[in-house]
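Trainee: Could we go through the salt bridges in this one together?

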Amino acid sequence: MSQTRPEQDQQPVDLATDLLQTMDQVTQDALNFGYRIEQGFTQFRQRSAERRGDRPVMVAFDCYGTTDHVRILGRALYKTHGREDPTAEDETSIRGWRSFTSIPIGFAHVDVEIEGVQFRLVADKGGVIDADVEISLEPGVHTARLRTAGSAWATSRIWVVDDSQRIGVVSDIDDTVMVTALPRPMLAAWNSFVLNEHARDATPGMPVLLERLRRRHRGLPFIYLSTGAWNVAPTLRRFLSRNAYPPGTLLLTDWGPTTDRWFRSGPRHKVENLEQLAREFPHMKWILIGDDGQHDPEIYGGFAQRYPQNVAAVVIRTLSPTEAVLASGRLLTADGPELPEGIPLIRANDGASISEQLEEHGLL
């Protein structure tokens with residue numbers, strides 16, 4: 001009678017499992033090492049700024065909220081001597097790379113004042129404040145003031161949405177409201193480090209489309225959801241204003257390594273913010289506007305499947321053949337995301353054509 005040798009049979013599996021576990025551990029160690037290196041470099045720059053006497057400044061971003069809570073957004077930085085003020089709104093030409101020379105104040109303590117009510121918040125490692133505070137406010141536009149130790153007060157608007165509001169707009173930026181016409185691998189670097197807002201073009205018809213939506217649905221909030229870095233928020237804000245886009249809240253992200261990724265996931269950033277909006281405004285339906293150059297159809301389609309009660313329509317700007325090749329390296333098909341019954345899918349290349357289809361569905 002032959003005898004089996006289970007220890008030998010099991011050995012290849014154990015070796016493979018051990019190898020995978022070792023590779024996972026090596027990857028995790030590398031990620032942690034990258035994260036520590038970035039943190040160490042940031043702390044070195046921060047100490048250098050303190051020794052030079054660079055002054056702290058607050059950059060306050062426009063916020064949104066309901067009648068019982070507000071999402072506060074801002075960033076604490078050191079202003080390097082001889083550089084533009086990152087809070088300035090009247091600079092005539094600021095190239096994006098200069099915004100990356102500002103030094104974040106990691107874990108800064110930030111005082112926030114809204115209608116005489118004060119809060120104390122703590123920034124993240126990149127100096128970014130993104131926090132909800134509980135406060136009772138009337139619908140409309142209010143003012144938030146933010147400062148960190150040694151800085152002056154910075155002010156921003158708060159768009160408090162009426163509880164009866166039922167329609168809102170979430171829009172992507174690159175290739176949706178802003179024409180970039182660059183290969184996607186170069187897009188982030190070019191927009192962030194080279195261009196200023198005067199060199200960017202608005203997508204044909206999109207400013208008029210969003211303004212028509214604003215007039216049709218009084219009081220609706222505008223959320224500009226992008227995978228761009230917070231560093232370029234002032235540049236994007238000036239671009240939107242100069243091209244007559246309705247004012248709204250920018251929801252951007254922070255680049256750099258984390259403890260589990262080399263770079264933050266753009267799709268995850270969008271998904272998480274959409275889900276937060278669904279929790280904060282459970283009775284609101286959103287018109288989701290994006291483009292088919294990257295992941296917007298999948299992101300919006302997945303959100304509509306999970307939260308059909310929170311989606312009024314999915315609008316996908318279809319890129320031209322040239323834009324499509326630059327954005328994704330291939331010609332795109334006419335297929336769109338599968339949506340639950342009753343949620344319209346609108347596809348067109350420009351704002352005028354999108355407007356016509358929104359009118360057909362009673363949304364404009």
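Mentor: Sure, one term up front: buried means under 20% relative accessible area, exposed over 50%, and partly exposed in between, with a 1.4 Å probe and protein chains only. Keep in mind that this is a predicted model, where local features need pLDDT of at least 70, side-chain atom pairs count only at pLDDT 80 or more, and totals for chains, interfaces and linings use all residues. Residues are numbered from 1 along each chain as its sequence is written, and side-chain values use heavy atoms, with hydrogens and water left out.

Trainee: How many salt bridges does the structure hold?
Mentor: Side chains of opposite charge can pair when their charged atoms come close. To count as a salt bridge, a side-chain nitrogen of Lys or Arg has to sit within 4 Å of a carboxyl oxygen of Asp or Glu. The total for this structure is 13.

Trainee: Is Glu211 buried or exposed?
Mentor: Glu211 pairs with Arg214 in a salt bridge, 2.5 Å from N to O. The two are three residues apart in helix H4 (residues 206-216), so about one helical turn separates them; helices (H or I, at least four residues) and strands (E, at least two) are DSSP runs, numbered from the N terminus. Arg214 is partly exposed at 29%. Glu211 has a relative accessible area of 18%, so the label is buried.

Trainee: Which strand holds Arg71?
Mentor: Arg71 forms a salt bridge with Asp130, their closest N and O atoms being 2.8 Å apart. Asp130 is in strand S6 (residues 128-134), 59 residues away from Arg71, which lies in strand S2.
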